[in-house]
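Q: I am new to this structure and would like to learn how to read it. Please show it to me, and then take me through it feature by feature.

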Number of protein chains: 2
Amino acid sequence: MADQGRIRNITDLAKLAGVSPGTVSRALADSQLIAKKTRDRIQQLAREHDFRPNVMARNLRIKRAGAIGVLIPLGHETGQHISDPFFMTLLGYLADALTERGHDLLLSRVIPTDPGWLSRVVDSGRVDGAILIGQSDQLAVIDSVAGRYLPLVAWGANLPGQVHCSVGSDNRKGGELATRHLIERGCRNFAFFGDPVAPEISERLAGASAALADAGMGDALTILPAHLTAETAHPTISKWLDETKTLPNGIIAASDVIAMSALRALSEHGVSVPREVHVVGYDDLAFANQTVPPLTTIRQDLAAGATHLVDLLFRRIAGENTGSVVLEPTLVVRQSS
Amino acid sequence: MADQGRIRNITDLAKLAGVSPGTVSRALADSQLIAKKTRDRIQQLAREHDFRPNVMARNLRIKRAGAIGVLIPLGHETGQHISDPFFMTLLGYLADALTERGHDLLLSRVIPTDPGWLSRVVDSGRVDGAILIGQSDQLAVIDSVAGRYLPLVAWGANLPGQVHCSVGSDNRKGGELATRHLIERGCRNFAFFGDPVAPEISERLAGASAALADAGMGDALTILPAHLTAETAHPTISKWLDETKTLPNGIIAASDVIAMSALRALSEHGVSVPREVHVVGYDDLAFANQTVPPLTTIRQDLAAGATHLVDLLFRRIAGENTGSVVLEPTLVVRQSS
DNA sequence: CTGAATGCAACAAACGATTGCATTGATAGT
DNA sequence: ACTATCAATGCAATCGTTTGTTGCATTCAG
């Protein structure tokens, strides 16, 4: 009969080492309370049997989860897949930032059917805190949970009177930047591609309108409510181009994804960018400088955003009631304008 | 004095209901052992205090983790960010498939420095199984863990003699498909953009070479080892175009991301696609039909791939020693060829 | 009216760790 | 030689559940 197989828990290892479980626990934690010699021996033994203490049991005792829930609520825009490049870019940065802090990332794509979707996660005891990527149309639910649960932060708009902590860029200002740039480029006739049902988008639109009003061109804007996915944006835009009599010469897209669809649709209609029409996107995702022509866009610094989100979250986990953060959007000029 | 605050655990609720904790547990699980009347009363009470049993404690007792680890090993190609659209697309599908099975997704971006990176996750007790997105250059480590740990599957190549279970498309065949298509389009002079250091890429290249040899054009292929990220691929390609004397008329890109960079570089060099040069990508990611012109590409069905990965994983969790799956790649013809 | 069958709920032992406190030896101080 | 001190380890309670076993009332057949 062999050694009775693998070492499954701290008690097995204790027997093997001829000590008590408590001693093993301390030894593996490298506690000074245990003689260096014993510690080394036990650690060596653990390595030999490649034994690792059960994290779940540890977390239960220690009362922490070691994981942060990252939720992507898809309320409106149900067609929007989790693999939307914007979400994914932010997710990537979050993964890095959380790993750095020694926490795991529990990913959840959630389609809010009942109002319990958020508490189900935060009250489950599986996570030490939660990060929402986008608020979708769930402001009420988010605010209500945020009222009693501190470690919760969201990417998105910072609206007056909102209870929860958010990180996002100044969408209104972004819209202004884009529009001013187009005005400088000599555009006189504008179109906004994007559905203002989402708060961020409607802010961007508001910024655009304001900039035009400032320039005395308040009535030169057409709004085309294009959805945020490429699959739905392209046909919408294409159809619109077919039907429109006078083409605008400045297009403000609510996202890079929409801008990319616009570039394609314009190309298919034989319209030259930027000669005939100038296009500005929003986000500055990785692909934005790989389009033909490379896209002028409003950059949201998602790396900085992720860092802020994580930073605020951990301060809240520590008990601090932090405020929100609004990032400055910047204009990145490339060849589409 | 109020009700002493929140209900934190099953015992609190038991006291409140005047029953034992065990009864509460059974009641919340809707066990027939508890009288319907008692069950209802307790469930109602739980709802009122929106109490949810602690998942970690439950999992500890029940000996399951309720989560699947999804690991993205970044061995070679360290520049490759987690937000690579390919990874993210697959991740999205995985998130959906796992959620459907009632499991959480524990995301980990791992840069393998020591060989313990994989066991650290699977032996931690936090996950019921693990899915690797890509094998990177870690075949040895993966195979060694797979030898003793059943619930492990990987997206990637299916190599002869490999111990671990994998799901991936037939890269060699994909390379052949792309090349045959270009031959049919009348191309006579070819370039392959991609670094064959990764096993998948080298298979795609092998397929391309084979197809050319078949057609008696074995020496008509130039290889440009472009990296998989857009940031690095574009300058490489651009430089190459500057220096090359005779332009190929057929380009096989190892991925859609590389193809997109190629499209841009070609456009910048005033080369018309597809009139002068035909381009085929690989993957068929969401953006592939939004490029200018829309990209002809080899489609890997990632939705099906994710379903297979999850399916195999759960069969392995149940104890079955499954084989690997190889998916058929298909050609999607658009306007770049 | 007695004894067996049945339905409900309580009890207590796990799951695998951590940690305050008690205990043990050995060394040192007087 | 006797005790005070201290370092090293063991003991046992605890985290919040689940679940096999047991015990107490009923109910019903005979």
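**Reading a predicted model**

A: Begin with one strand in chain B: strand E9 (residues 278–283) of chain B is mostly covered, as six of its six residues are buried. The model is a predicted one.

Q: Which strands pair with E9(B), and in what sense?

A: As a general idea, in a regular strand the side chains alternate between the two faces of the sheet. Here, strand E8 (residues 250–253) of chain B pairs with E9(B) in the parallel sense, over three bridges. Within that pair, Ile251(B) stands opposite Val279(B). E9(B) also pairs in the parallel sense with strand E10 (residues 296–299) of chain B, over four bridges. There, Gly281(B) of E9(B) has Thr297(B) opposite it in E10(B).

Q: Through which helix does the chain cross from E8(B) to E9(B), and is the crossover right-handed or left-handed?

A: The path leads through helix H11 (residues 256–268) of chain B. This β-α-β crossover from E8(B) to E9(B) is right-handed.

Q: How are chain A and chain B related?

A: Lay one copy on the other and look at the turn and the shift. Chain A fits on chain B with an RMSD of 0.1 Å after a turn of 180° and a shift of 0.0 Å along the axis. The two copies are therefore related as by a two-fold rotation axis. The same surface serves both copies: 100% of the contact residues of chain A recur in chain B.

Q: Which residue of chain A comes closest to the rotation axis?

A: Among the residues of chain A it is Leu106(A), whose C-alpha is at 2.3 Å from the axis. A neighbouring topic is how strand E2 of each chain pairs. Strand E2 (104–110) of chain A is joined by three bridges to strand E2 (residues 104–110) of chain B, and the two run antiparallel. In this pair, Leu107(A) stands opposite Leu105(B).

Q: How many residues does each chain give to the contact, and which elements of chain A supply them?

A: The size of an interface is often given as the accessible area lost when the parts come together. Here the description is by residues: the contact takes 43 residues from chain A and 43 residues from chain B. On the side of chain A, the elements that give two or more residues include helix H5 (85–100), strand E2 (104–110), helix H6 (117–122) and helix H10 (230–243). H5(A) gives the most, with seven residues. By class, the side of chain A that touches chain B has 19 nonpolar, 15 polar and nine charged residues.

Q: What surrounds DNA strand D?

A: Look for the closest residues, then for the elements that carry the surface. DNA strand D is surrounded by 27 residues, and the closest are Gly22(A), Asn9(B), Ile10(B), Gly22(B) and Ser25(B). At least two residues each come from helix H2 (21–28) and helix H4 (55–62) of chain A, and from helix H1 (10–17), helix H2 (21–28) and helix H4 (55–62) of chain B. H4(B) has the largest share, five residues. The surface near DNA strand D holds 13 nonpolar, nine polar and five charged residues.

Q: And which residues and elements lie near DNA strand C?

A: Around DNA strand C there are 27 residues, the closest being Asn9(A), Gly22(A), Ser25(A), Asn54(A) and Gly22(B). H2 and H4 of chain A, and H2 and H4 of chain B, each supply at least two residues of the surface. The largest share near DNA strand C, five residues, comes from H4(A). This surface divides into 13 nonpolar, eight polar and six charged residues.

Definitions and conventions:
Residues numbered from 1 in each chain as written. Chains lettered and ligands numbered in written order. Predicted model: local features only at pLDDT ≥ 70, side-chain atom pairs only at ≥ 80, totals over all residues. Least-squares fit on C-alpha atoms with pLDDT ≥ 70 in both. Contact = placed C-beta atoms within 7 Å. Near = placed C-beta within 6 Å. Nonpolar A, V, L, I, M, F, W, Y, C, P; charged D, E, K, R; others polar. Pairing = 2+ DSSP bridges. Buried ≥ 20, exposed ≤ 12 C-beta atoms within 10 Å, placed from the backbone. Right-handed = clockwise from strand over helix to strand, strands pointing away.
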